[in-house]
Amino acid sequence: MIADPGSSPGSASSAGSAVAGRRLLVGLTGGIGSGKSTVADLFAARGAAVVDTDAIAHELTAPGGAAIAAIRAEFGDAAIRADGALDRDAMRERAFADPGARRRLEAILHPMIRAESRRRLDVAEGPYALLVVPLLVESGDRAGGVDRILVVDCPVEVQVERVMRRSGLSRARVETILAAQASRAQRLAAADDVIDNGGPPDALDAQVEALHRRYLRGG
């Protein structure tokens, strides 16, 4: 949440409970810059149902998004950009400085994200489902729907370089974001499955294929 305000609900459990009984639900997670979206796309190309809570959060906070009115009421016009979207940079700064502000934003967004995740999982077709939750490990709650946790892993220095390259943030800022997330060791300790994304992109495909085959067998 601190890394990207509104990016993911604190718990994946309620979002997954509707589908766990009839097909495997995998919680896909990883630190900023780990390559979660790339891995999710590879699973989707193999027919998996993929629901990304970060994408849902962006839709909710885009111009005209369902969360904008409540965010404006809670935080004022300063939280909204001129185009009507959430000012993510301003909210990120505010969340870093004031944990209470972060919790208030989460109270608005997380129920909406959970409800929309649940709806999309209910209608998505695929032999198994992946729920992409950036802060799944940080939430400390996997009960009730996520059958397995898949962590996309890479060295911290690789994360830093990727985020700096794609976002233009300074090294100090990226390291601050990383410090607010679960550590690499904590994510690996929570993982049922791990994909190593510390190397070239073409090294991912074989790893995804092996897990895809396992997930087709029910995990």
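Accessible areas, which appear in several of these legends, come from the Shrake-Rupley method with a 1.4 Å probe, and for residues only the protein chains shown count as cover.

**Figure 1. The whole chain, in overview.** The accessible surface of the protein chain comes to about 9,500 Å², and 51% of that surface belongs to carbon and sulfur atoms. This is a predicted model, in which local features need pLDDT of at least 70 and side-chain atom pairs count only at pLDDT 80 or more, while totals for chains, interfaces and linings use all residues. Residues are numbered from 1 along each chain as its sequence is written, and side-chain values use heavy atoms, with hydrogens and water left out. The chain holds 11 helices and 5 strands, where helices (H or I, at least four residues) and strands (E, at least two) are DSSP runs, numbered from the N terminus. Of its 219 residues, 47% count as buried; buried means under 20% relative accessible area, exposed means over 50%, and partly exposed lies in between (1.4 Å probe, protein chains only). Among contacts (heavy atoms within 4.5 Å) between residues at least 6 apart in sequence, 78% join residues at least 24 apart.

**Figure 2. The open sheet and the order of its strands.** Five strands form this open sheet in the order E2-E3-E1-E4-E5, and the pairing is parallel; two strands count as paired if DSSP finds at least two bridges between them. Strands E2 and E5 (193–196) stand at the edges with a single partner strand each, so one side of each is left without a neighbour in the sheet. From one strand to the next, the twist averages 20 degrees. Strand E1 (residues 25–29) is joined to E4 by 4 bridges, and in that pair Gly 27 stands opposite Ile 149 of E4. Helix H2 (residues 36–45) packs on the sheet and touches E1, E2, E3, E4 and E5, its direction making about 150 degrees with that of E1. Helix H3 also packs on the sheet, touching E2 and E3, and its direction makes about 50 degrees with that of E2. For these angles, axes are lines fitted to C-alpha atoms, for helices over the stretch in contact, and angles run from 0 to 180 degrees between N-to-C directions.

**Figure 3. Strand E3 and its two partners.** Strand E3 pairs in the parallel sense with E1 over 4 bridges, and with E2 over 4 bridges as well. On the E1 side, the bridge partner of Leu 28 is Val 132; on the E2 side, Ala 49 is partnered with Ala 129 and Val 51 stands opposite Leu 131. Ala 129 and Leu 131 point one way from E3, whereas Leu 130 and Val 132 point the other way, and all are buried. In E2, Ala 49 and Val 51 make up a covered face, while Val 50 and Asp 52 make up an uncovered one.

**Figure 4. Thr 29 and its surroundings.** Thr 29 lies in strand E1 and is buried, with a relative accessible area of 0%. Leaving aside neighbours within four places in sequence, Thr 29 is in contact with several residues, among them Lys 36, Pro 134, Leu 136, Ile 149 and Val 151.

**Figure 5. Two nonpolar cores.** A nonpolar core is a set of buried Ala, Val, Leu, Ile, Met, Phe, Trp, Tyr and Cys residues joined through side-chain atoms within 4.5 Å. The largest one has 28 residues, and those with the most contacts inside it are Ile 71, Phe 75 and Leu 109. Elements that give two or more residues to this core include helix H4 (68–75), helix H6 (99–123) and strand E3 (129–132), and the largest share, 6 residues, comes from H6. A second, separate core of 17 residues includes Val 26, Phe 43, Val 152 and Ile 195.

**Figure 6. Arg 102 in helix H6.** Arg 102 is found in helix H6 and is partly exposed, with a relative accessible area of 22%. Arg 102 and Arg 92 are 10 residues apart in sequence and 8.5 Å apart in space, C-alpha to C-alpha.

**Figure 7. Helix H8 and the helices beside it.** Helix H8 (residues 156–167) has 12 residues and reaches 16 Å from its first C-alpha to its last, close to the 16 Å expected at 1.5 Å a residue, the expected span being 1.5 Å times one less than the number of residues. Val 158, Gln 159, Val 160, Arg 162 and Val 163 of H8 are buried, and the buried residues of H8 pack against helix H9 (171–180) and helix H10 (184–190). Just after H8, Gly 168 takes a positive phi of about 80 degrees.
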